[in-house]
Amino acid sequence: TWDRLIGLLRMLIPIQHCYVELPTGVKLHYVDAGPTNDSQTLILVHGWPEFWYGWRKQIPAFAANGFRVIAIDMRGYGETIVLTEPKKPESYSARKVCQDINELLN
């Protein structure tokens with residue numbers, strides 16, 4: 001079955017938990033799997049109210065097919081922390097999330 005295959009892939013493909021402080025004022029948590037050489041990178045962005053774990057079954061399948069997979073916890077979700085002005089609603093705008101992703105890729 002599909003679940004059994006994904007379970008086997010998860011055992012074979014390690015998922016690393018990573019943290020990075022971005023110039024956008026965020027300590028971003030993300031998981032990284034697959035080859036880190038010149039392979040194509042997939043950025044998986046969750047919806048509301050989820051976090052990276054929502055992609056747990058897709059990550060090993062993409063990584064097994066040669067993609068580097070990065071699944072982020074967006075601002076205010078999972079283990080990502082907004083360091084600057086965390087109580088202001090503007091700190092969680094779509095523009096800020098896009099800036100975070102852009103900084104992560106650079």
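This is a short walk through the structure above, one selection at a time.

Before setting off, know that this is a predicted model: local features need pLDDT of at least 70, side-chain atom pairs count only at pLDDT 80 or more, and totals for chains, interfaces and linings use all residues. Residues are numbered from 1 along each chain as its sequence is written, and side-chain values use heavy atoms, with hydrogens and water left out.

**Stop 1: the whole chain**

Start with a cartoon view of everything. You will find three helices and five strands, where helices (H or I, at least four residues) and strands (E, at least two) are DSSP runs, numbered from the N terminus. Along the sequence they follow the pattern α-β-β-β-α-β-β-α. Of the 106 residues, 34% count as buried; here buried means under 20% relative accessible area, exposed over 50%, and partly exposed in between, with a 1.4 Å probe and protein chains only. Among contacts with a separation of 6 or more, 63% are between residues 24 or more positions apart; a contact means heavy atoms within 4.5 Å.

**Stop 2: I15 and the first hairpin**

Now select I15, in the loop between α1 (2-12) and β1 (16-22). I15 is partly exposed because its relative accessibility is 27%. Beyond its neighbours within four places in sequence, I15 is in contact with V31, D32, A33 and I59. Add V69 to the selection: I15 and V69 are 54 residues apart in sequence, yet 9.3 Å apart in space, C-alpha to C-alpha.

Next, colour β1 and β2 (residues 26-33), which pair in the antiparallel sense over seven bridges. Two strands pair if DSSP finds at least two bridges between them. Within this pairing, C18 has Y30 in β2 as its bridge partner. The two strands form a hairpin with three residues between them, and G25 in that turn has a positive phi of about 85°.

While you are here, show the side chains of K27 and Y19. K27 lies over the face of Y19, at 5.5 Å from the ring centre; a charge sits over a ring if NZ of Lys or CZ of Arg is within 6 Å of the ring centre and within 35 degrees of the ring normal.

**Stop 3: a β-α-β unit**

Select β3 (41-45), α2 (58-64) and β4 (68-72). Together β3, α2 and β4 make a right-handed β-α-β unit: with the strands pointing away from the viewer, the path from the first strand over the helix to the second runs clockwise. β3 and β4 pair in the parallel sense over five bridges, and V45 stands opposite I72 in β4.

**Stop 4: a cis bond and some rings**

Move into the loop between β3 and α2, where P49 sits. A cis peptide bond joins W48 and P49, with omega about 0°.

Show the aromatic side chains next. A search of the whole structure finds three aromatic pairs. The rings of F51 and Y53 are stacked, because their centres are 6.1 Å apart and their planes are at 20°. Rings of Phe, Tyr and Trp (its six-membered ring) pair if their centres lie within 6.5 Å; planes under 30 degrees apart count as stacked, over 60 as edge-to-face and the rest as tilted. F51 is partly exposed at 35% relative accessible area, and Y53 is partly exposed at 37%. For an edge-to-face pair, select F62 and F67: 6.4 Å centre to centre, with 85° between the planes. Back in the loop, ring pairs link F51, W52 and Y53 into a cluster.

**Stop 5: T80 and E85**

Select T80, in the loop between β4 and β5. Is T80 buried or exposed? T80 counts as buried because its relative accessibility is 6%. Its side chain reaches the backbone nitrogen of H29 at 2.9 Å, and a polar atom of the T80 side chain lies 2.5 Å from the backbone oxygen of D73. Leaving aside its neighbours within four places in sequence, T80 is in contact with residues including V26, L28 and M74.

Finish at E85, in the loop between β5 (81-82) and α3 (94-105). Most residues other than glycine have a negative phi. E85 has a positive phi, near 50°, and counts as partly exposed at 47% relative accessibility.

Conventions. A polar contact is a pair of N or O atoms within 3.5 Å; within protein, one must be able to donate a hydrogen and the other to accept it, and residues adjacent in sequence count only if both atoms are side-chain atoms.
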